[in-house]
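Student: I would like a close look at a single part of this model. Please keep the answer connected and place the part in its wider setting.

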Amino acid sequence: MEKLLKILEELHPDVDFTTNEELIDEGILDSLDIVTLVTEINAEFDVTIPAEEIIPENFNSAKALMALITKLDEE
């Protein structure tokens, strides 16, 4: 989770990613942020996020993102 939080904090240092659970709903993350996140996650965690998994529910919080990374890592 620390690696993911570091990636997120590099995008938006002013956001508390440990508690915020509406990153997409509140407009904190935009489409460019999502593209950057997918690229960084693919490189850092050695997983590939398929297009069908790029949905708001998976990107609304660090916790949801970590769950997605874990799920993809187990496949």
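Student: Is Lys71 buried, partly exposed or exposed, and at what relative accessibility?

Tutor: The model is a predicted one, and what follows should be read as computed from it. Lys71 counts as partly exposed, because its relative accessibility is 37%, and the partly exposed class runs between the 20% limit for buried and the 50% limit for exposed. The partner of Lys71 is Glu53: the two form a salt bridge in which the closest N and O atoms are 2.8 Å apart. Lys71 belongs to helix α4, residues 62-74, whereas Glu53 sits in the loop between α2 and α3 (56-59), so the bridge ties together parts separated by 18 residues in sequence. Glu53 falls in another class: its relative accessibility is 16%, so Glu53 counts as buried. The pair therefore joins a buried acid to a partly exposed lysine.

The whole structure holds two salt bridges. Besides the pair just described, Glu44 bridges to Lys3, with 3.8 Å between the closest N and O atoms. Here the link is between helices, Glu44 being in α2 and Lys3 in α1, so parts 41 residues apart in sequence are tied together. Glu44 has a relative accessible area of 40% and is therefore partly exposed. Lys3 is also partly exposed, because its relative accessibility is 48%.

Back in the helix that carries Lys71, Leu65 also has its place in α4. Leu65 has a relative accessible area of 0%, so it is buried. Its C-alpha lies 9.5 Å from that of Ile41, a residue 24 positions away in sequence. Leu37, found in helix α2, likewise has a relative accessible area of 0% and is therefore buried. Between Leu37 and Pro13 the sequence separation is 24 residues, and the C-alpha atoms are 14 Å apart.

The loop that holds Glu53 has another residue to note. Asp46 lies in the loop between α2 and α3 and has a positive phi of about 55°, although it is not a glycine. Asp46 is exposed, because its relative accessible area is 69%.

Other acidic residues gather on the surface. Glu21, Glu22, Asp25, Glu26 and Glu57 form a negative patch there. Of these, Glu21 lies in the loop between α1 (2-11) and α2 (31-45). Glu21 counts as exposed, because its relative accessibility is 52% and the exposed class begins over 50%.

As for the wider setting, the protein has four helices and zero strands, and along the sequence the pattern reads α-α-α-α. Buried residues account for 41% of the 75 residues. Taken along the principal axes, the C-alpha atoms fill a box of roughly 30 × 25 × 20 Å. The radius of gyration is 11 Å, which agrees with the value near 11 Å for a compact globule of 75 residues. Within that setting, the part you asked about comes down to one contact: Lys71 of helix α4 paired with Glu53 of the loop between α2 and α3, with the closest N and O atoms 2.8 Å apart.

Terms used
Residues are numbered from 1 along each chain as its sequence is written. This is a predicted model: local features need pLDDT of at least 70, side-chain atom pairs count only at pLDDT 80 or more; totals for chains, interfaces and linings use all residues. Side-chain values use heavy atoms; hydrogens and water are left out. Patches are made of residues with over 30% relative accessible area and no salt bridge: like charges are joined within 9 Å, nonpolar side chains (Val, Leu, Ile, Met, Phe, Trp, Tyr) within 5 Å. Accessible areas come from the Shrake-Rupley method with a 1.4 Å probe; for residues, only the protein chains shown count as cover. A salt bridge is a side-chain nitrogen of Lys or Arg within 4 Å of a carboxyl oxygen of Asp or Glu. Lys and Arg count as positive and Asp and Glu as negative; His and the chain ends are not counted. The place of a charge is taken as NZ of Lys, CZ of Arg, CG of Asp or CD of Glu. Helices (H or I, at least four residues) and strands (E, at least two) are DSSP runs, numbered from the N terminus. Buried means under 20% relative accessible area, exposed over 50%, partly exposed in between (1.4 Å probe, protein chains only). The radius of gyration is taken over C-alpha atoms; the globule rule is 2.2 Å times the number of residues to the power 0.38.
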